[in-house]
Amino acid sequence: MADTPIIPMGDDTAGKPAALGAGTGTANAAGGLREPRASLWQRGEGLSSLALAVGDHVESFLGEAGFDRAPWLAVVFASGIFAWFALDTPWQWTAAIGLSFIASIFALAAWRDRHERDQLRRAVIACSLVFALGMSIIWARSEIVGAEAFERPVIQQVQGYVLSREDQPAQDRTRLTLAVRDAGTAESRKIRVNVPLEVAAEALDGFEDEALAEGAIVRMRVRLMPPASPMLPGAYDFARAAWFMGLSGTGSVLGGVTIVEPAPEASGIAAIQRALSGHVRGQVEGSAGTIAAAFASGDRGSIVEADEDAMRDAGLTHLLSISGLHVSAVIAAAYLVVLKVLALFPALALRVRLPVLAAAGGALAGIGYTLLTGAEVPTVRSCAAAMLVLIALALGREALSLRMVAAAAVFVLLLWPESVIGPSFQMSFAAVLAIVALSSSGPVRAFLAAREESWLKRTGRGVVMLFVTGLVIEIALMPIVLFHFHRAGFYGAFANVIAIPLVTFVSMPLIAVAMLFDLVGLGAPFWWLVERSLELLLAIAHFTAAQPGAVKLMPQMSSLTIALFVLGGLWLALWSGRARLLGFVPAVIASIMLLATPISDVLIGREGRHVGITIEGEDGSRRLLSLRDSRSSYSRDNLLELASITSDPIPLAEWDGARCSTEFCTIVIDRGGRNWVLLLARNRDMIEERALAAACERADIVVADRFLPRSCAPRWLKADRGMLMRTGGLALDLTNERIITVATGQGEHGWWRGERGD
């Protein structure tokens, strides 16, 4: 048994007005008696009068505001969905829905004869019912699609039906989603398995490539894990995402894959998507080909990690996700082509409204492109919004409006209500909302108004507007990006000024023309131009991401902070008049709270294996000490992001201030005016209980990825396997002696397998 390391020792009526009795008074300047001022309660008005006064003020404000009510109903609908995730237990969900109905009934009954408060009355009724609808839909969605996860890791032989196949050559694997029979209950369960490309190639020996695709029946030995909960507070919650995808487990294949029954002859959108992606990559080599494939088919599996990181840090990731920009470009191109071609036929142009036919052509192109690229949430949202725009154009109405955005949001949330908590939905709608609100504002309309001027001035005005739009989008997206990813690119507005026109007016039209000319074997020159344009795009991304200060990391912001950001942004976008400026109040408060957010001193992963400690280096910069020099980029990146540190972590055993044996490391850190002694287990080797108890007694915090005996009693926290199974990962703020757990806020939702944290 190795020696236990030496542990360094550290060093009720207030605020209420007094009642005045009958006949009492106070002396006035003339020496006489002055009538006592009657309180609100003495006038017999009480709370009802106060409520009526407040109601009058609110009614007056709503009447004078002149804002569009419909978009706010979409906000309330989304708020109901958010509330279901925020509340913990079924009785709380039921109570929230019940209170909403009570509020609507109260408004209907209490103000039945008060027509002067009709706006407030209708607002309360509508918002209450829509809020309850949002909560009910997400609750029902969870009960219908949610899948119970495996209780523990298992290794078993499975035979399943391939539901989907996703090629990921950049990760050297193919990902299969299978429907299998549970060995214990005989129930059908959905699992996702990673198959190395080499194993997939061996399985396809003697078969066509599409034999291992949707509809195939395969047999394999797999190691399955329950979907992972967040590693740390604020990290990605895959367990929640898997719940709504219906996944019971994920894992990897052990050994080979046997195709019991090959897939039927290639057909369907997925097969076309893979064929198109392969064709594009065959025409354009290297990284440019992977980006071209993403634009053409939505397939991002071939994009290498370095290019993904550069696009993210340069603020250009939105170009890789098929969303509004791409769908709008396709639909606009189809609309203009159909309109111009049909205008060449006078007999048709004089008898039929060409905008209607052009809108129909654009709609078909948009729906086809949406299906072809995988019909992800941003794409569906963009397609739905574009359909509304086309309808408006066909009817001669204003195409770009907040109502259009609200209708598209409600359409998506009715189908996938869980998407409201995901970054994809939030970033997509925040960007579109910012664009619409900016373009509809008075100063912008005046700036872009038609006037007699040279083409140079007109072009300059457009460039300025493009930059301002990019800047506004970056500001709108930054809180969301920081909340979900804890990092944001600061030069995205500058990069987008070049990147957006490059993709919209050069790369995507060239890809479409190249594929069209491929039908007659003449697409090579156009593919060469596609390659040059996308190489320029990647050069912009890498150059921008490499600049000093291009990326800013922030600790996990609180739910209140992001809620204030969202409230301020929505108010600025959806209100009108000078009242819109009130949106800056919550935004400024949220900014102050964000800057004041403390960085965790100690981060403990969900299993106790990965521990990060933030320290200050000799040069004043903050560094991260890591208990294990992990090969897992996932664990390392989570620790670095939530510690807001960009430099590589330092192994704890190599730090001068730490003392390590083969079993434990100890370190003393100064926080909050006192020394904290940490005792961290390096492995699961058994040691003598008495020595362990003595070491624990001298420590403030003990962390281990195994169960520790009761005799191990540190002064403040024992984060062993038993505790972490209940709480999940931990973030410790030692200065304020605060513990944040993953379990906090998870409640009794189906995807959480631990217990609710304190």
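Here are some friendly questions and answers about a predicted model of a protein chain.

Q: What makes up the protein chain in terms of helices and strands?
A: The protein chain holds 24 helices and 20 strands. Of its 758 residues, 45% are buried. About 38,400 Å² is exposed, with carbon and sulfur atoms supplying 61% of that area.

Q: How do you know that Cys660 and Cys665 form a disulfide?
A: Their sulfur atoms are 1.8 Å apart. A disulfide needs two cysteine sulfur atoms within 2.5 Å, so this pair qualifies. The link is right-handed, with 110° about the S-S bond.

Q: Why is Cys660 called partly exposed?
A: Cys660 has a relative accessible area of 31%. Partly exposed covers the range between the buried limit of 20% and the exposed limit of 50%, so Cys660 belongs there.

Q: Is its partner Cys665 buried or exposed, and what makes it so?
A: Cys665 is buried, because its relative accessibility is 1% and buried means under 20%.

Q: What makes Cys696 and Cys712 a disulfide?
A: From S to S the gap is 2.0 Å, and the cut-off is within 2.5 Å, so the pair counts as a disulfide. With -85° about the S-S bond, this link is left-handed.

Q: Which parts does the pair of Cys696 and Cys712 tie together?
A: Cys696 sits in helix 23 (residues 689-697), while Cys712 is in the loop between strand 17 (701-703) and strand 18 (717-719), so the link ties together parts 16 residues apart in sequence. Both Cys696 and Cys712 are buried.

Q: How many disulfides are there, and what is their pairing?
A: The count comes to two disulfides. When the bonded cysteines are numbered in sequence order, the pairing reads 1-2, 3-4.

Q: Why is Cys127 called partly exposed?
A: Cys127 has 29% relative accessibility. Buried would need a value under 20% and exposed a value over 50%, so Cys127 is partly exposed.

Q: Which residues form a nonpolar patch on the surface?
A: The patch is made of Leu516, Phe517, Leu519, Val520 and Leu522, and together they have about 530 Å² of accessible area.

Q: What makes Phe517 accessible enough for a patch?
A: Phe517 has a relative accessible area of 31%. Patch residues need over 30%, so Phe517 passes that cut-off. Phe517 also counts as partly exposed, and its place is in helix 18 (residues 492-518).

Definitions and conventions: Residues are numbered from 1 along each chain as its sequence is written. This is a predicted model: local features need pLDDT of at least 70, side-chain atom pairs count only at pLDDT 80 or more; totals for chains, interfaces and linings use all residues. Side-chain values use heavy atoms; hydrogens and water are left out. Helices (H or I, at least four residues) and strands (E, at least two) are DSSP runs, numbered from the N terminus. Buried means under 20% relative accessible area, exposed over 50%, partly exposed in between (1.4 Å probe, protein chains only). Accessible areas come from the Shrake-Rupley method with a 1.4 Å probe; for residues, only the protein chains shown count as cover. Patches are made of residues with over 30% relative accessible area and no salt bridge: like charges are joined within 9 Å, nonpolar side chains (Val, Leu, Ile, Met, Phe, Trp, Tyr) within 5 Å. A salt bridge is a side-chain nitrogen of Lys or Arg within 4 Å of a carboxyl oxygen of Asp or Glu.
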